Amino acid sequence: MAVRLDLDAALAQLPEEFRAPVVLRDVAGCDYAEIGQILRIPPGTVRSRIARGRARLAETMSANGGNHHDTRQRRNDEASRP
């Protein structure tokens, strides 16, 4: 659940020009041509905006998301102790 909240927060930080293509591709499952039609941009622009958007998401998630993994790992370690 924490990862989903982190992802939602990271998506909210993306500029609209990157957020819309990423959401249309990765959430809605649209292909590049469909996204281009919806956003009225060429398919090559769709591809580059998705790539840039995903890269920014990865940067944001790695900068902010590491803490949640460490916390979960510590809980698992503590739970497995006798």
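How are H2 and H3 oriented to each other? The structure is a predicted model, in which local features need pLDDT of at least 70, side-chain atom pairs count only at pLDDT 80 or more, and totals for chains, interfaces and linings use all residues. Residues are numbered from 1 along each chain as its sequence is written, and side-chain values use heavy atoms, with hydrogens and water left out.

The axes (lines fitted to C-alpha atoms over the stretch in contact, with angles from 0 to 180 degrees between N-to-C directions) of helix H2 (residues 16-27) and helix H3 (residues 32-39) come within 10 Å and cross at roughly 140°. H2 and H3 are therefore oblique to each other, a class left for angles that are not under 35 degrees, over 145 or from 65 to 115. Contact, meaning heavy atoms within 4.5 Å, is made by Ala-20, Pro-21, Leu-24 and Arg-25 of H2 and by Tyr-32, Ile-35, Ile-38 and Leu-39 of H3.

The charged end of Arg-25 sits over the ring of Tyr-32, 4.9 Å from its centre, where such a placement requires CZ of Arg or NZ of Lys within 6 Å of the ring centre and within 35 degrees of the ring normal. The charged end of Arg-47 also sits over the ring of Tyr-32, 5.2 Å from its centre.

Conventions. Helices (H or I, at least four residues) and strands (E, at least two) are DSSP runs, numbered from the N terminus.
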